[in-house]
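Let's take a friendly walk through one sheet and the helix that accompanies it. Have the coordinates open as you read.

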Amino acid sequence: DVMQTIRVATWNAEGMFSDGAMTKRASPHDALSTLKNLDADIVTIPEFGVNGRVDGGVLIAIRSLGYQIIEVPYDDPTMPNYVPENYEMALLTRLPLRSHTLHRFANSGRRFVEAHIELPGNKNLLRVIGLHLDDKAEKLRLEQVDQVIELANKAHVGQMIVLGDFNAMPSRSNVAKILRTKTAGALGSVLPHAFMRSMSKRVNEMAIGTTIARLLAATTLRDLDTKHRLTVSAKNSGAKWLPSIKIAKIDWILATSLVKVLEYKIFSDVGSDHRPVRATIQL
């Protein structure tokens with residue numbers, strides 16, 4: 001097989017690809033500009049937009065960049081203010097898509113995607129799992145990651161990439177060690193703003209680190225960013241007044257051992273609370 005160099009990316013766009021998105025700091029036009037600037041062969045976009053409300057012109061523009069689009073409606077009744085037209089994820093690929101399957105997390109009904117993608121000059125298919133784990137509690141994420149582990153460990157010839165918004169930090173990072181302390185939890189519980197109290201509680205659990213630790217221990221996957229660079233800020237649709245300063249790593253690109261990393265880049269703020277993350281890899 002011929003070695004191939006490709007770019008893979010994950011970017012929680014906070015619904016930016018559709019009008020009426022959560023983020024008010026950017027538009028579908030900005031989302032398309034960011035996608036073009038990413039210039040990745042495979043992109044996972046948690047919170048792509050509102051299911052059924054991504055304008056047809058936006059989809060045409062994405063296809064004009066060479067992408068096939070797999071839309072993945074969350075259909076998650078546990079989400080706040082749930083309606084059938086809720087948020088969706090997308091997986092985009094400029095490489096030939098052989099097949100894909102939408103899976104459901106048993107504890108929420110939220111969907112995630114598994115795709116088999118052709119690599120030029122390579123007879124083995126690249127397996128890609130794109131996901132967005134729950135942001136409410138570590139217990140829920142652990143149940144969901146057990147499903148991912150079972151799927152990842154099914155017999156497959158070739159390399160595998162798992163990427164997306166895990167809402168989970170690396171346990172050994174200094175940021176996580178601080179955010180999961182009882183002191184941080186106590187301070188968060190007395191914040192005057194209800195949304196901030198809720199976010200503090202969720203971040204306190206994201207910092208526990210067991211979700212990522214379990215996934216890496218139970219599979220052949222490894223983190224492609226050994227520096228554990230931060231990917232997300234607290235400046236989101238519910239807290240637009242906060243500074244756009246990166247505070248944690250919860251967006252991940254994981255891959256099997258034979259994947260070689262040539263570059264790993266965290267992009268600047270483009271209007272979402274999550275920064276786009278891109279890896280240039282050889283496989």
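## Starting at one edge

This is a predicted model, and a good place to begin is the pairing of β3 with strand β4, residues 87-93. These two strands run antiparallel and are joined by six bridges. To find the register on screen, look for Gln-68, which sits opposite Thr-93 of β4.

Helix α2, spanning residues 56-64, packs on the sheet here and touches β2 (42-50), β3 and β4. If you compare directions, that of α2 makes about 135° with that of β3.

## The whole sheet

How do the strands line up? Six of them form an open sheet, and reading across gives the order β3-β4-β2-β1-β14-β13, with mixed pairing. The edges belong to β3 (68-73) and β13 (260-266), each of which pairs on one side only. From one strand to its neighbour in this sheet, the turn is 20° on average, with direction ignored.

As a reminder, backbone hydrogen bonds are what pair the strands of a sheet, in either a parallel or an antiparallel sense.

## Both sides of β1

Strand β1 (residues 5-10) is a nice spot to see the mixed pairing for yourself. On one side, β1 pairs with strand β14 (residues 277-282) in the antiparallel sense, over six bridges. Within that pairing, Ile-6 has Ile-281 of β14 as its bridge partner.

With β2, in contrast, β1 runs parallel, and three bridges join the two strands. One pair to look up is Thr-10 and its bridge partner in β2, Thr-44.

Key:
Residues numbered from 1 in each chain as written. Predicted model: local features only at pLDDT ≥ 70, side-chain atom pairs only at ≥ 80, totals over all residues. Heavy atoms only, no water. Pairing = 2+ DSSP bridges. Helix = DSSP H or I, 4+ residues; strand = E, 2+ residues; numbered from the N terminus. Axes fitted to C-alpha atoms, helices over the stretch in contact; angles between N-to-C directions. Contact = heavy atoms within 4.5 Å.
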